[in-house]
Amino acid sequence: MQRFITLLALFICLGSTAQVKKEIFESFKLQERRDVQYYFPESYTADKKYPLIVVLDGEYLFDQVVANAKFYSNFHGMPEAIIVGVQQSKNNLRNEDCAFEPDNGLPTEKGKLFFEFLGMELIPYLETKFSTAPFKMFVGYDITANFGNFYLFKDESLFNAYISISPYLAPEMETRVPSRLSVMNKKIFYQLILEGERSENSNRVLTLDQNLKGLDSDNLHYFFDKYENADHISVATYGIGKAFDNIFGMFKPISPKEYKEKILTQVGPVYDYLADKQSSIEKLFGFRKTTSLNDIMAIYAASRKKEDFESLKPLSDLCKKEYPNTMLGFYFEGEYYEQLGEPKKALRTFEKAFGMEEIDFLTKEMALEKIDALKADFGY
């Protein structure tokens, strides 16, 4: 009954302007009631898939993660996400939940139960009731950051991405984590954040950083950021946005630097760069991202600059599918036929473009100029 009341409250929340809701989750594993917070994007719909971000130390980190996720998704730096924060500040819960044995570094009995609570109760509940994507991220700080590492040692990591803020490492974790990541077949994003203030723990984190940097693995995307002006407390407010920027880099629009250093130097058709990018997103996140106009125009500009006119045909097909009412698809196809030396096909295609909606830099005047030039060639 409690779970039903929670679900009903969440759907009421989705229908209102408030997208953050606190609830009490009854855990069979822990035999406890746990305070959790949920954030759903304002535009949440069951027709879309949303990555799931699990945040420990919810009292302190949840609002920061939500604020950064909203900012980056609004500006296309990451997909919209569902975020769940687990509160742990009362009664020293964070230290009980995430405790490890001092001799072998393994979770204590309470830690094992909390491990199962997240992986076997809370996350499956959200995956069953809401439209979640396969991609899951873990965010923790200090001892809760270390706890996230335990999920790496499952047969298959529960999470695809980890944001580890100044982790208080269990024994041998600075060697165990790199050893495990070096043999994993699953693609993992691992972001390590450290303050500038030196301590015995920070020395171990720096050792972990060096060991991770030394790995040669196609499946590991590792990032390290050190904030010299932060201490162990303030570092919790640093770096979450940068971590999103790193982990969700493939979602960002193509930058001028990326255009110059990667696309223009691409061996083979430049369209392949965009196709590979879209394929990687779909494979990793479980849904297809609508191609931004920025990316379309970058590939268009590169195809012209490199005289790679074969790329215009698949680009036009993409635009017809994703921007069906606009001039994009037929205009690019018209240029393709024009460069191919098929002026009659080009003329008919530009005439179709003329009848569509203008978009970005493409105007009806541009299509008309193409039409008039081609007709002049035919003596019309």
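**Pockets, an enclosed helix and a loop contact in the predicted model**

Four helices and strands, namely β8 (220-227), α8 (240-247), α9 (256-263) and α10 (271-285), each contribute at least two residues to the lining of the largest pocket in this structure, which is a predicted model. The largest share of that lining, seven residues, is supplied by α10. The largest pocket encloses about 750 Å³ of space, and of the 25 residues that line it, F189, H221, G249, M250 and K262 are the closest to its centre. When the lining of the largest pocket is divided by class, 10 residues are charged, eight are polar and seven are nonpolar.

The second largest pocket holds about 360 Å³ of space, and its lining is made up of 15 residues, of which K48, P79, E80, F251 and K289 are the closest to the centre. By class, the lining of the second largest pocket comprises six polar, five charged and four nonpolar residues.

Helix α8, one of the elements that supply the lining of the largest pocket, is largely enclosed by the rest of the structure, because six of its eight residues are buried. These buried residues are I240, G241, A243, F244, N246 and I247. Their packing partners include both strands and a helix: the buried residues of α8 pack against the strands β3 (50-55), β5 (132-141), β6 (161-165), β7 (188-195) and β8, and also against the helix α2 (58-74).

A further set of contacts concerns E101, which is situated in the loop between α3 (93-97) and α4 (109-129). With a relative accessibility of 31%, E101 counts as partly exposed, because this value falls between the limits of 20% for buried and 50% for exposed residues. When residues up to four places away in sequence are left out, E101 touches L106, P107, T108 and P171. The C-alpha atom of E101 is also separated by 8.2 Å from that of A170, although these two residues are 69 residues apart along the chain.

Two cysteines were examined for their accessibility. C98 has a relative accessible area of 0% and is therefore buried, and C319, at 0% relative accessibility, likewise counts as buried. In both cases the value lies under the 20% cut-off for a buried residue. A disulfide is a covalent bond between the sulfur atoms of two cysteines. With a cut-off of 2.5 Å between cysteine sulfur atoms, the count of disulfides in the model is zero.

Technical notes. Residues numbered from 1 in each chain as written. Predicted model: local features only at pLDDT ≥ 70, side-chain atom pairs only at ≥ 80, totals over all residues. Heavy atoms only, no water. Buried < 20%, exposed > 50% of the residue type's maximum accessible area, 1.4 Å probe, protein only. 1 Å grid on protein atoms, 1.4 Å probe; cavity = no way out; pocket = protein on both sides within 12 Å on 5 of 7 lines; lining within 4 Å. Points joined across faces, edges and corners; volume = space filled by probe spheres on them. Nonpolar A, V, L, I, M, F, W, Y, C, P; charged D, E, K, R; others polar. Contact = heavy atoms within 4.5 Å.
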